[in-house]
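Subject: Structure for you to look at, with notes

Dear colleague,

I am handing over the structure below, together with its sequence. My notes on what was found in it follow underneath.

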Amino acid sequence: MEQQTTQVLLIEDNPGDADLVRLRLVESKSPVNVNCVTRLSEGLDSLTRVTPSVVLLDLNLPDSHGAETFRRVMEHAPNVPVVVLSGQDDEALAIKAVHQGVQDYLIKGNISSKHLERSIRYAVERQALLRALEMTQKQQLDFKNQFLSHVSHELRTPLTCIHQYVTLLLDGLAGAVAPDQADHLKTVLKSVNQLHAMIRDLLEATRAESGKMRIEPRCIALGELIQQTVAMMRPMADEKKVGLEIAVDQRLPLVHADPDRVLEVLINLVDNGIKFTPSDGAVMVQACVVDADPSSVYISVTDTGRGISPESKALIFERLYQDADAVDNNRSGLGLGLFICREIVRLHEGRIWVSSEPGQGSTFTFTLPAYSLAKLLAPVVTNNDRLRTSFVLVRVELTPLLVPPRGNWKQTWQQCLEILRRCIYLDKDLVLPAMGTSGAAETFFVVASTDMPRSGIMTARIREQLERVPDLKAKCSLTIMAAPIELPSNISGQTFSSQSLEQQVEALASHVTGMITSSMERKQLRPEKPIQDSN
Ligand code: ADP
């Protein structure tokens, strides 16, 4: 069989060393093609265009030195085997290189042709095996996730049926139920609910693991979500005689987060708090801003329960982790709750951690980004370090014809939101996050860096695209309005244009916030002065 030519990318700035390597390769008599470059930037550029069989890499180049050199090559071309050719006999550096995925570390002065040829051959083989192994692991993971997702979906249907019939029996709709029969049915219902929760966790964890978990951030008041969580968990706390309290900072800013997902995190943490706290203990949900980090909101759930050992603390957010003594008869759950919480918080670019001592209770804390309109607006309302000149606020309102809305209303408004995002110029317009938790009517605002005449083209396009959504007209009425955003002529006594760019963006953001608030309030009172209709 014909031997394949080995394509070598040699990154070496010393012409003498490069010639020597070429000579060794020729002496080895295996078919080889060498492309030699002298700078790391040229090597990276070449890797972008062609994939060689192997990279032979000198570490000290005119534009990069030492470990940084192989780190950048590996980052650029993670699938290509790299063999370091170094003048330095540095064992620590060699080990570091191998730990980072370099296949071999050869000392220039000691290389024979046979040695070099073998090192390249093994490097190529090992890299191919590694890739095959990774591929198999990925396929296995995909298969497992698909299987779990499929099974979980299938299990949900019969469970829903059991739930409906047990509820029907309990409500006496199929005839009178004796008190002890009602007790039995309640036990069945409790188990069905537990199974439901486990299946939901399995589905969520599978989604998170395969990167399919999505969030739809809105501009929300956390206090309301915390109240909602506590109201939902109160019966469980009362049944166990565990106190459940709230302490929310009055000056809490709005947050930029997905309310359904945040509710999931809060419920999981409070549920654990109650589960792991004995009767007469307490669980407290707090939310505050910390001076050192004003762009985040800190939310914590503290319990007076059994606490967590240092060993468990290190593992607690891992998938399927459960403390050995947590797995007793009173416990339900699969060890997925905290894993799901961590993934949700990560998607919000927040952090989650626990502080706890055995026997001293635990505090789980997570952060969410505070809502900053200025931060969201900055990339689109500025150009070349200057504020753009004209802006328009577009308001798109979807009001369901029936309350509560017919069909899957969330899916409908999400579809409309996607369309809105496709109708704007991403570099100079912004669809603002929806306000509040998803209610019946949905109002979306767009800040467009344009003037009124041109905004008409945008609003016409939005209307045309939205009206194409099947069934939209049967489900809701659509109102689209636009108004110019008049910038204030001065801020805190100084002319607007003499302010720094940051201050100008802040002023614009606060002006837009004012317009949105008064536009929403006017709507609630009467539409006497609507923002000018685009039609
Ligand atoms: P599960 O659904 O099984 O509760 P979680 O991921 O929510 O799984 O929790 C994992 C483990 O973390 C639990 O089994 C328990 O050992 C520990 N844990 C979680 N919350 C607390 C808490 N508030 N106090 C003590 N241990 C806790």
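I would start at strand β12, where F366 is the bridge partner of I299. Before going further, please note that this is a predicted model, in which local features need pLDDT of at least 70 and side-chain atom pairs count only at pLDDT 80 or more, while totals for chains, interfaces and linings use all residues. Residues are numbered from 1 along each chain as its sequence is written, and side-chain values use heavy atoms, with hydrogens and water left out.

The strands around β12

The bridge between I299 and F366 belongs to the pairing of strand β10 (residues 293-303) with β12, which is antiparallel and runs over eight bridges. Two strands are said to pair if DSSP finds at least two bridges between them, and the element names come from DSSP runs, numbered from the N terminus, with helices being H or I of at least four residues and strands being E of at least two. Strand β12 (residues 362-369) is mostly covered, since six of its eight residues are buried; here buried means under 20% relative accessible area, exposed means over 50%, and partly exposed lies in between, with a 1.4 Å probe and protein chains only.

Strand β11 (residues 352-356) is also antiparallel to β12, and five bridges join the two, with S356 having S362 as its bridge partner in β12. These two strands form a hairpin with five residues between them, and in it G359 takes a positive phi near 80°. Ahead of β11, in the loop that connects α10 (337-347) to that strand, you will find E349, a residue other than glycine whose phi is nevertheless positive, near 60°. E349 is exposed, with a relative accessible area of 74%.

By contrast, N268, which is found in helix α8 (residues 259-275), is buried, at a relative accessible area of 12%. Not counting residues up to four places away in sequence, N268 touches G337 and C341, where contact means heavy atoms within 4.5 Å.

The four-stranded sheet

An open sheet of four strands has the order β16-β17-β15-β18, and its pairing is antiparallel. Strands β16 (429-431) and β18 (476-484) stand at the edges with a single partner strand each, so one side of each has no neighbour in the sheet. From one strand to the next the twist averages 15°. As general background, strands of a sheet pair through backbone hydrogen bonds, either parallel or antiparallel. In the pairing of β16 with strand β17 (residues 442-448), which is antiparallel, there are three bridges, and L430 stands opposite V447 in β17.

Two helices lie across this sheet. Helix α12 (residues 409-422) lies across β15 (392-400), β16, β17 and β18, running at about 10° to β17, and helix α13 (residues 452-467) lies across β15, β16, β17 and β18 as well, running at about 170° to β18. For these angles, axes are lines fitted to C-alpha atoms, for helices over the stretch in contact, and the values run from 0 to 180 degrees between N-to-C directions.

In the loop between α13 and α14 is D471, which has a positive phi of about 75° although it is not a glycine. K475 is found in helix α14 (residues 472-475), and, leaving aside its neighbours within four places in sequence, K475 is in contact with T399, P400, L401, R406 and T412. The C-alpha atoms of K475 and V297, which are 178 residues apart along the chain, are separated by 37 Å.

Helices α5, α6 and α15

The axes of helix α5 (residues 113-170) and helix α6 (residues 179-209) come within 9 Å and cross at roughly 155°. That makes α5 roughly antiparallel to α6, given that angles under 35 degrees count as roughly parallel, over 145 as roughly antiparallel, 65 to 115 as roughly perpendicular and the rest as oblique.

Finally, L501 lies in helix α15 (residues 501-525) and counts as partly exposed, at 26% relative accessibility. L501 touches T382, D385, R386 and L387, again not counting residues up to four places away in sequence. Of these, R386 is 115 residues from L501 in sequence, yet their C-alpha atoms are 6.5 Å apart in space.

With best wishes
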